[in-house]
Each structure stands twice: as C-alpha cells, then as structure tokens.
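Biologist: I should like to go through this model with you and ask what justifies each term applied to it. Please place the structure before us, and let us begin.

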Amino acid sequence: MMELEYIEHISPILKDGVKNYLIDIDGTITDDVPNEEPERMVTCEPYPDALETINKWYDEGHQICFFTSRTENLKQITIDWLDKNGFKYHSVLCGKPRGGNYHWIDNHLVRATRYKGRFTDLVEKQVTIEVFKED
C-alpha cells in the first residue's frame, strides 16, 4: 500500500525517499513491439537488467507503475506478460500518447530519465531543462 502524507485540501504526496516510477514497456523493459503486432507481446523476452533493477526498486518500497502506449484492449496481455516474467509492480496504465518527445507538466516534481539500452541504479547528474518563466 502506498504511504502518503496528507495536508488539508491538497493532493497527497509520497513520504520522503519514496519514488513513484512510471516505466515504459516497449523498447524499455523488452523489445519495441508496436500495438499492431500484439502476438509479439506474448513471446518477447524481458531485458534482464530491467527485471532486476525494477524488482529491486519495488523491494526498496518504491511505487512501480508501468505507463505504456499499449491500448486498453491489450492491458490483460500486458499484465499476463509482466506476471509471467516475474515483474513486481503496483499498477499498469495504458494509453500513453504514442510518438515520444514528451513534455510533462505537473504541480508535483517530475524527473525524467531516458532509457538508453541499460537499466542500472540511478545517479545524479546536472543537466539543462526547460521550466516556466518566473515573474
């Protein structure tokens, strides 16, 4: 169960140190399989480093949500595949917009990490980001 802190009249937040991971599936934890080829979703293999790292994060108490461009009609195939391959997770969200180049705007802190072929522990790095202009 997610441990949240509640402050009157605003959305709850996760307790200090807990991350809320939103993790893509196709091309990130397994081969890049388009929605138009669902038969491949059943047989593709997970990336071993992704399975190990994500399960470690889960065991450390972080929230794991798979956020995928797969459509809602492919959700059960996706859940079955995650379970068969031993992924630990809390939820699966379908319907992420396709095409990439995401720019997420939220009232909560958002950090993004681009997957470049290998899952590892995260490290801190200074980068330039776009933000709203301050008054």
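Modeller: In this predicted model, the structure holds 7 aromatic pairs. One of them is formed by Tyr-47 and Tyr-115.

Biologist: Why is the pair of Tyr-47 and Tyr-115 called stacked?

Modeller: The ring centres of Tyr-47 and Tyr-115 are 6.3 Å apart, and pairing requires centres within 6.5 Å. The planes of the two rings are 15 degrees apart; because planes under 30 degrees apart count as stacked, the pair takes that name. Tyr-47 lies in the loop between α1 and α2, Tyr-115 in the segment after β5, and 68 residues separate the two along the chain.

Biologist: What makes Tyr-115 partly exposed?

Modeller: Its relative accessible area is 21%. Buried means under 20% and exposed over 50%, so Tyr-115 falls in between. Tyr-115 also belongs to an aromatic cluster with Tyr-21, Tyr-47, Trp-57 and Phe-119.

Biologist: Why is the pair of Phe-66 and Tyr-89 called edge-to-face?

Modeller: For Phe-66 and Tyr-89 the angle between the planes is 70 degrees, with the centres 5.9 Å apart. An angle over 60 degrees counts as edge-to-face, so that is the description of this pair. Phe-66 is in strand β4 and Tyr-89 in the loop between α3 and β5, so the pair ties together parts 23 residues apart in sequence. Both Phe-66 and Tyr-89 are buried.

Biologist: Which residues have the most contacts inside the largest nonpolar core?

Modeller: They are Ile-23, Ile-29, Ile-54, Ile-64, Phe-66, Leu-82 and Phe-87, in a core of 20 residues. At least two core residues come from each of β3, α2, β4 and α3. The largest share, 3 residues, is that of α2. Leaving aside residues up to four places away in sequence, Ile-23 touches several others, including Ile-29, Ile-54, Ile-64 and Phe-66.

Biologist: Why might one expect nonpolar side chains to be buried together?

Modeller: That is a tendency of soluble globular proteins. A nonpolar patch is nevertheless found on the surface here, made by Leu-22, Leu-93, Trp-104 and Val-110, with an area of about 350 Å².

Biologist: How do you know that Trp-104 meets the accessibility requirement for a patch?

Modeller: Trp-104 has a relative accessibility of 48%. Patch residues need over 30%, so Trp-104 satisfies that requirement. Trp-104 lies in the segment after β5, as does Leu-109.

Biologist: What makes Leu-109 exposed?

Modeller: The relative accessible area of Leu-109 is 66%. The term applies over 50%, so Leu-109 is exposed.

Biologist: How do you know that Lys-75 and Glu-72 form a salt bridge?

Modeller: Their closest N and O atoms are 3.9 Å apart. The limit is within 4 Å, so the contact is counted as a salt bridge. Glu-72, at 52%, counts as exposed, whereas Lys-75, at 24%, is partly exposed.

Biologist: How many salt bridges are there?

Modeller: The count comes to 8. Among them, Glu-37 and Arg-40 have an N to O distance of 2.7 Å. Glu-37 is partly exposed at 28%, and Arg-40 is partly exposed at 33%. Another joins Glu-60 to Lys-56, at 3.3 Å between the closest N and O atoms.

Biologist: Which residues are linked in a network of salt bridges?

Modeller: Lys-56, Glu-60 and Asp-121 are linked in this way. Of these, Glu-60 is partly exposed at 47%, and Lys-56 is partly exposed at 32%.

Key:
Residues numbered from 1 in each chain as written. Predicted model: local features only at pLDDT ≥ 70, side-chain atom pairs only at ≥ 80, totals over all residues. Heavy atoms only, no water. Helix = DSSP H or I, 4+ residues; strand = E, 2+ residues; numbered from the N terminus. Buried < 20%, exposed > 50% of the residue type's maximum accessible area, 1.4 Å probe, protein only. Core = buried A, V, L, I, M, F, W, Y, C linked by side-chain atoms within 4.5 Å. Contact = heavy atoms within 4.5 Å. Phe/Tyr/Trp six-rings, centres within 6.5 Å; stacked < 30°, edge-to-face > 60°. Patch = residues over 30% accessible without salt bridge, like charges linked within 9 Å, V, L, I, M, F, W, Y side chains within 5 Å. Areas by Shrake-Rupley, 256 points an atom, 1.4 Å probe, with all protein chains shown as cover. Salt bridge = Lys/Arg side-chain N within 4 Å of Asp/Glu carboxyl O.
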